[in-house]
Amino acid sequence: MDSSSTDKVQAIRWSSDRLLLLDQRLLPERKEYVAIDTWRDAMHAIRDMVVRGAPAIGITAAYAVVLAAREHIIADPRQWRESIDTDLQALSAARPTAVNLRWAVDRMRSKIASTPDSGALDCLLDEAKSIHDQDIAANLRMGALGAGLIEKHATVLTHCNAGALATGGYGTALGVIRAGFGAGKIKHIYAGETRPWLQGARLTAWELLQEDIPVTLIPDSAAAYVMLNRGLDWVIVGADRVAANGDVANKIGTYSLAVLAREHGVRFMVVAPTSTIDRRLDDGADIEIELRDEEELLTCGGRRVAPDGAGAFNAVFDVTPAELIDYLVTERGVVERPSAPGIRALYDSRP
Ligand code: MRU
C-alpha cells in the first residue's frame with residue numbers, strides 16, 4: 001500500500017535512496033520536505049520535531065536503520081552487523097516516550113540478524129517499507145472500527161495531532177474522525193491547540209482542512225467549558241505508549257481531558273496500533289515521560305513571553321489511567337474498558 005492512496009499529506013517518503021520528511025515545524029505556513037541521507041540526520045529530525053507522532057517516529061527510525069546499514073556496509077562489509085549496534089541504540093533513544101521508536105528499531109534489528117549479506121540493503125529497505133505500509137493498513141482498519149462505535153451527529157474533541165502527519169498515513173484518532181465524518185456520523189470537531197508546539201492548531205486543523213473537514217480550535221483550557229456547554233459526545237486521541245493494563249501515555253493534557261470527560265459523561269476513545277502497546281510494562285507508572293527544553297514554554301512563536309528568571313516544567317506527555325478510558329481501538333480489535341485481560345485477548349486472536 002502507498003499512503004498517496006489515502007492522503008493528500010505524506011509526512012514520510014522514501015525516494016531515490018533517501019528519506020524525505022515533511023518539516024512539521026514549518027506547517028501550516030510552508031510545506032517543505034527535508035532530504036535525509038544519514039541515520040544521524042534522521043535521529044536529529046526525530047529529536048527536533050521535524051517528524052513527530054509515535055508511529056511516524058517509528059517509521060522514520062526504520063528507514064534510518066537502512067541509512068545506517070548502508071554506511072556500515074560501506075565502511076566494513078564483514079563486521080557491519082556488530083558495528084551498527086551502537087548507532088541503533090542511539091537512534092532508539094532519540095525520544096523516550098513513544099514506544100514505536102524502539103519497536104521499529106528492534107524489528108529492523110531482527111531483520112539485520114536474519115538477512116544474508118548479499119542483498120541485505122534491499123531486504124532492510126523492504127522491511128522498512130512494510131512497517132510503513134502495515135501502519136497505513138492498521139490505521140484504515142482502526143478508522144472503520146472506531147467509527148463503528150460512534151452514533152450519528154456526534155461532536156468530538158481531539159488533542160495534539162494523531163493524523164496522517166503523525167503516522168504512515170490516514171492517522172489513528174484522526175483516522176477514526178475521518179471515517180466517522182465520511183459516514184455522516186460526526187457533525188462537529190473541536191481540536192485543542194496543544195501548547196507549546198501547537199500540534200492541534202498548526203497540524204490537526206491544517207490536516208483536517210486539507211480533507212475539507214471543518215474544525216473548530218479551542219484553547220486547551222476551554223475543554224471543561226466545551227464539555228459542559230457545547231454538547232460534546234466523544235474525546236478521541238492517539239497514544240505514544242500503552243501499558244499491559246491499558247494505561248495510556250499521550251500528549252500532555254490527555255489525562256486532564258479524561259478526568260473531565262468522566263465528570264461530564266463524555267466518552268473517551270484511544271486509538272493506537274499494537275506497535276504502540278508495550279507489554280513489558282505492567283502499568284503506566286514506569287513509562288518514561290519526556291522532559292523537553294524549558295525554552296519551549298518560556299517562548300511563543302520565537303518570542304519570549306515569560307520574564308527572565310521564570311522557570312518552566314515542560315513534561316510533554318502524561319499517563320491516563322485505564323479506568324478513565326472507555327475504548328481502546330487497535331487494528332486487532334476494540335477493547336472496551338481496557339484492562340490486562342482485555343489487552344492480552346488481542347494477542348490470543350489472529351493478527
Ligand atoms: O510530541 P509529539 O507531537 O510527538 O506527540 C504526539 C502525540 O502525543 C500523539 O498524540 C501520539 O503520538 C499519537 S500519534 C498517532
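Q: A polar contact is a pair of N or O atoms within 3.5 Å; within protein, one must be able to donate a hydrogen and the other to accept it, and residues adjacent in sequence count only if both atoms are side-chain atoms. How far is an oxygen atom of the ligand from an N or O atom in the side chain of Arg95?
A: This is a predicted model: local features need pLDDT of at least 70, side-chain atom pairs count only at pLDDT 80 or more, and totals for chains, interfaces and linings use all residues. Residues are numbered from 1 along each chain as its sequence is written, and side-chain values use heavy atoms, with hydrogens and water left out. From the Arg95 side chain, an N or O atom reaches a ligand oxygen at 2.8 Å.

Q: Which residues come nearest to the ligand?
A: A residue is near the ligand if one of its heavy atoms lies within 4 Å of it. There are 19 residues around the ligand. Those that come nearest are Arg52, Arg95, Gln199, Asn250 and Lys251.

Q: Which residue places a backbone N or O atom 2.9 Å from an oxygen atom of the ligand?
A: Two residues need separating here. Asp240 puts a polar side-chain atom 2.9 Å from a ligand oxygen. The backbone atom, also at 2.9 Å from a ligand oxygen, belongs to Gly53.

Q: How many residues does each domain bring to the contact?
A: Domain bounds come from an automatic or database domain assignment, which gives domain 1 (3–139) and domain 2 (141–349). Their centres, taken over C-alpha atoms, are 24 Å apart. Contact means heavy atoms within 4.5 Å. Domain 1 gives 37 residues and domain 2 gives 41 residues.

Q: Which three residues supply 22% of the area that domain 1 buries against domain 2?
A: Buried area is the accessible area (1.4 Å probe) that two parts lose on being put together, summed over both. The two domains bury about 3200 Å² between them, with 52% of it on carbon and sulfur atoms. On the domain 1 side, the three that supply more than any other three are Arg52, Thr97 and Asn139.

Q: Which side chain meets Arg95 in a salt bridge?
A: A salt bridge is a side-chain nitrogen of Lys or Arg within 4 Å of a carboxyl oxygen of Asp or Glu. Between domain 1 and domain 2 the count is 2 salt bridges. At 2.9 Å, N to O, the partner of Arg95 is Glu290.

Q: Which helix gives the most to the side of domain 1 that touches domain 2?
A: Residue pairs in polar contact between the domains number 24, both residues at pLDDT 80 or more. Helices (H or I, at least four residues) and strands (E, at least two) are DSSP runs, numbered from the N terminus. H2 (54–75), H5 (99–114) and H6 (120–147) each supply at least two residues of this side. With 6 residues, the top contributor is H6.

Q: How far apart in residues are Arg178 and Glu211?
A: These two form a salt bridge, with closest N and O atoms 3.3 Å apart. Arg178 sits in helix H7 (residues 173–182), and Glu211 in the loop between H8 (199–210) and strand E6 (216–218). The pair links distant parts of the chain, spaced by 33 residues.

Q: Which proline follows Arg195 through a cis peptide bond?
A: Most peptide bonds are trans. Leu27 to Pro28 is cis, with omega near 0 degrees, and Pro28 lies in the loop between strand E2 (18–22) and strand E3 (33–36). In the loop between strand E5 (186–192) and H8, the proline joined to Arg195 is Pro196.
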